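Thank you all for making time this morning. I would like to walk you through one structure, slowly, and I will take it piece by piece.

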Amino acid sequence: MSLPSPGELRRLACSAATACTPRLVEAFRTAPDGLQLSTKRNTHDLVTVHDRATEDELVRLLGAAVPGSRFVGEEGGARGTDTGHDAGPLASPGPRTLPGPLPSSGPGRLEWIVDPIDGTANFAHGFAMFSISIAAAVDGEVVAGVVLDPVNGLEFSADDSGAYLNGERFGAGRADRAPAEGNGDAGIARDESALNLVTSYPSAEALAVDGPAALERFGRLVDTYATVRRTVSGALELAYTAIGWADVTLGVDTNPWDVGVGQLLVDRAGGHYLGLFYDTHGPERRPAHLAPCYVAVAPGRTAPTAVRVLEETVTARRAAGYTR
C-alpha cells in the first residue's frame, strides 16, 4: 500500500503536536516539584516528567494514524516495526485522536523522529523558547514535519511544497542548488557584521573536548556578527533561520531529533544547510539530518566565518579520532 504523501504527513505531524500543546502550556512556569526535574548525561542535560509523557502521546497518536510506523525519540529511543519492540509504555489515550488511520507505511519505510520538548532546560526554567519537533522520514529522507512553539503559538512546518508558518507559506521556495560548500558562498553576499547568529557552541562538553580553541572560535563569532545568541533550542533556531528572524545557526554534536525538521525548513524556504560528518572529507551523500555538525544560513545571506569555524572544529575532531 502507498505511503501518505508528504503533505499528509505534515498535517498529521501538526495535528499530533497540537494535541500535546495544552499539557505543556499548563505545565509551563509551574512549581518545580510538578515538573519532576532530573538530569540525564550531566547537570546541563535536563529532563522532566513531561518529556517522556509527551513523547509517548506522540507515538500513540502517530502510530495509530499510520500503522507500521517506526519511531526514534530523544527520550524513548527506537520503537516500532523494525526494532523488535512495541511502541513502549504509552500515556493514557484520552480523548485526542488524529484523522485516520491512513494506509500502512509498509515494513519500516516511515520513521517519525520526535523531540517532545526541544529546549527542556528553557521549559524547566520558565524561558519561553522550546518546542515540539516531529520529522517524518521516508526511506531515510526527511520529507515533512513540524516545529511547534506551544507558548508563543508558532507552528513552523514543511513538506515537498514548501515551508509554512501557522499554515501560511513563507520563503522563496526550495534552494535551486546544493547547500554552501566550505567557502561559505551561499546566497547573496551581505556584510556579516550586520547579521545575527545563534549557536549552542561551545557547550560544556565541547569545552572539555576542544579546550581553549573552542573559546577562541566563539570569540571570533562574537567579534564578527552583530549579535550572537545562545538560545539552546536547536529546532526553533533553525525555524527562525528558515524564516529569516535569525541569519545564521551553527550546531556541533547534534542529533537527528534536534535538526530533522529544521534542516528541511531551511531548505524549503530557500536557505542553505551545510551538514558535516567527522568520518569523511569528500562529498557527503548521507541525509543531512544525520550530520552531527552544521551551518544553516537564511535566504539571501552568506556566512563564511561561521563556515570556517565549523570546518576548523570538525577538522580538529577528525584528527582526534571522531568518526561519527
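Before the first piece, a word on terms: helices and strands here are DSSP runs, at least two residues long for a strand, numbered from the N terminus, and two strands are said to pair if DSSP finds at least two bridges between them. Please also keep in mind that what you are looking at is a predicted model.

With that in hand, let us begin at strand E8, residues 154-159, which runs antiparallel to strand E9, residues 162-165, the two being joined by four bridges. Together E8 and E9 make a hairpin, with two residues between them, and if you want a place to rest your eye, Ser157 stands opposite Tyr164 in E9.

Strand E9 also pairs with strand E10, residues 168-170, in the antiparallel sense and over three bridges. Here Ala163 has Phe170 in E10 as its bridge partner. E9 and E10 form a hairpin as well, again with two residues between the strands, and in this hairpin Asn166 takes a positive phi near 50°.

Let me now move to the sheet that comes later in the chain. This is an open sheet of five strands with mixed pairing, and its order is E12-E11-E13-E15-E14. Strand E12, at 227-229, and strand E14, at 272-276, each have a single partner strand, so they stand at the edges and one side of each is left without a neighbour in the sheet. On average, and ignoring direction, neighbouring strands of this sheet are turned by 15° against each other.

At one of those edges, E14 runs antiparallel to strand E15, residues 293-297, and five bridges join the two; within this pair, Leu276 stands opposite Cys293 in E15. Helix H7 packs on the sheet, where it touches strand E11 (196-199), strand E13 (248-252), E14 and E15, and the direction of H7 makes about 30° with that of E15.

What residue might we pick to look at this helix from the inside? I suggest Thr241, which lies in helix H7, residues 234-243. Is Thr241 buried or exposed? Its relative accessibility is 0%, and because buried means under 20%, Thr241 counts as buried. The side chain of Thr241 reaches the backbone oxygen of Glu237 at 2.9 Å. If we leave aside neighbours within four places in sequence, Thr241 is in contact with Ala246, Asp247, Val248 and Thr249, and also with Ala296, Val297, Ala298 and Pro299.

Methods. Residues numbered from 1 in each chain as written. Predicted model: local features only at pLDDT ≥ 70, side-chain atom pairs only at ≥ 80, totals over all residues. Heavy atoms only, no water. Buried < 20%, exposed > 50% of the residue type's maximum accessible area, 1.4 Å probe, protein only. Polar contact = N/O pair within 3.5 Å; in protein donor to acceptor, adjacent residues only side chain to side chain. Contact = heavy atoms within 4.5 Å. Axes fitted to C-alpha atoms, helices over the stretch in contact; angles between N-to-C directions.
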